[in-house]
Amino acid sequence: MFSHIMVGTNDLDKAKAFYDTLLGTLEVRPARVDGHRIFYITKTGVFSVSKPINGEPATCANGGTIGFAANSPEQVDKWHAAGVAAGGTPIENPPGIREGAGNKLYLAYLRDLDGNKICAMHRMPA
């Protein structure tokens, strides 16, 4: 169901030190740093910590994203349209492909009715 979970931080270095130690107890390798974010990638999912991209302080929601795995770009588009129709607010770029660190992802982002940032993601074939 989930492709990834992301939480916000105001101090990426401190967050990395904390989560490297904490997740190391679960045999998770130290984070990969990607600019303003760090990623812990395992066979069962991805956990990430990010400085908020809107310039505001991180809170329990600002800087966070809940990602839902999708089976196709069409399913991502359907998810986005249904969310907007149900009262969600489109944010960031329109649904589409984003590339980085050798990955090609089809993504769509919304704020839910309470302002939580959610996304649907399909990993494109290499």
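This report walks through the fold, the aromatic residues and a few single residues of one protein chain.

**Overall picture**

Keep in mind that this is a predicted model. The protein chain has two helices and nine strands. Reading from the N terminus, the order is β-α-β-β-β-β-α-β-β-β-β. As for overall dimensions, the C-alpha atoms fill a box of roughly 40 × 35 × 20 Å along the principal axes. The radius of gyration is 15 Å, and since a compact globule of 126 residues would come out near 14 Å, the chain agrees with that expectation.

What about the inside and the outside? Of the 126 residues, 36% are buried. The accessible surface adds up to about 7,900 Å², and carbon and sulfur atoms account for 57% of that. Take the contacts between residues at least 6 apart in sequence: 52% of them join residues at least 24 apart. On the charge side, there are 13 positive and 12 negative side chains, and the centres of the two sets sit 4 Å apart.

**The aromatic residues**

The structure holds three aromatic pairs. One of them is Phe18 with Tyr19, an edge-to-face arrangement with 4.9 Å from centre to centre and 80 degrees between the planes. Another is Tyr40 with Phe47, which is tilted, with the centres 6.3 Å apart and the planes at 35 degrees. That angle counts as tilted because it falls between the 30 degree limit for stacked and the 60 degree limit for edge-to-face.

Phe18, Tyr19, Tyr40 and Phe47 belong to one aromatic cluster. How buried or exposed are its members? Tyr40 is buried, with a relative accessible area of 2%, whereas Phe18 is partly exposed at 48%.

**Two buried residues and their neighbours**

His80 is part of helix H2, which covers residues 73–85. Its relative accessible area is 13%, so His80 counts as buried, the cut-off being under 20%. Which residues does His80 touch, leaving aside those within four places in sequence? The contacts are Pro90, Pro95, Ala108, Tyr109 and Leu110.

Ser50 sits in strand E4, residues 45–50. With a relative accessibility of 3%, Ser50 is buried too. Once residues up to four places away in sequence are set aside, Ser50 touches Met6, Val7, Gly8 and Thr9, along with His36, Arg37 and Gly63.

**Two glutamates with a positive phi**

Most residues other than glycine have a negative phi. Glu27 goes the other way, with a positive phi of about 65 degrees. Glu92 also has a positive phi, about 55 degrees, and is not a glycine either.

Where do these two sit? Glu27 is in the loop that links helix H1 (12–24) to strand E2 (32–34). Glu92 is in the loop between strand E6 (89–90) and strand E7 (96–100). Glu27 is exposed, with a relative accessible area of 77%, while Glu92 is partly exposed at 38%.

**Burial at a glance**

Here are the single residues discussed above.

| Residue | Relative accessible area | Class |
|---|---|---|
| Tyr40 | 2% | buried |
| Ser50 | 3% | buried |
| His80 | 13% | buried |
| Glu92 | 38% | partly exposed |
| Phe18 | 48% | partly exposed |
| Glu27 | 77% | exposed |

Conventions
Residues are numbered from 1 along each chain as its sequence is written. This is a predicted model: local features need pLDDT of at least 70, side-chain atom pairs count only at pLDDT 80 or more; totals for chains, interfaces and linings use all residues. Side-chain values use heavy atoms; hydrogens and water are left out. Helices (H or I, at least four residues) and strands (E, at least two) are DSSP runs, numbered from the N terminus. The radius of gyration is taken over C-alpha atoms; the globule rule is 2.2 Å times the number of residues to the power 0.38. Buried means under 20% relative accessible area, exposed over 50%, partly exposed in between (1.4 Å probe, protein chains only). Contact means heavy atoms within 4.5 Å. Accessible areas come from the Shrake-Rupley method with a 1.4 Å probe; for residues, only the protein chains shown count as cover. Lys and Arg count as positive and Asp and Glu as negative; His and the chain ends are not counted. The place of a charge is taken as NZ of Lys, CZ of Arg, CG of Asp or CD of Glu. Rings of Phe, Tyr and Trp (its six-membered ring) pair if their centres lie within 6.5 Å; planes under 30 degrees apart count as stacked, over 60 as edge-to-face and the rest as tilted.
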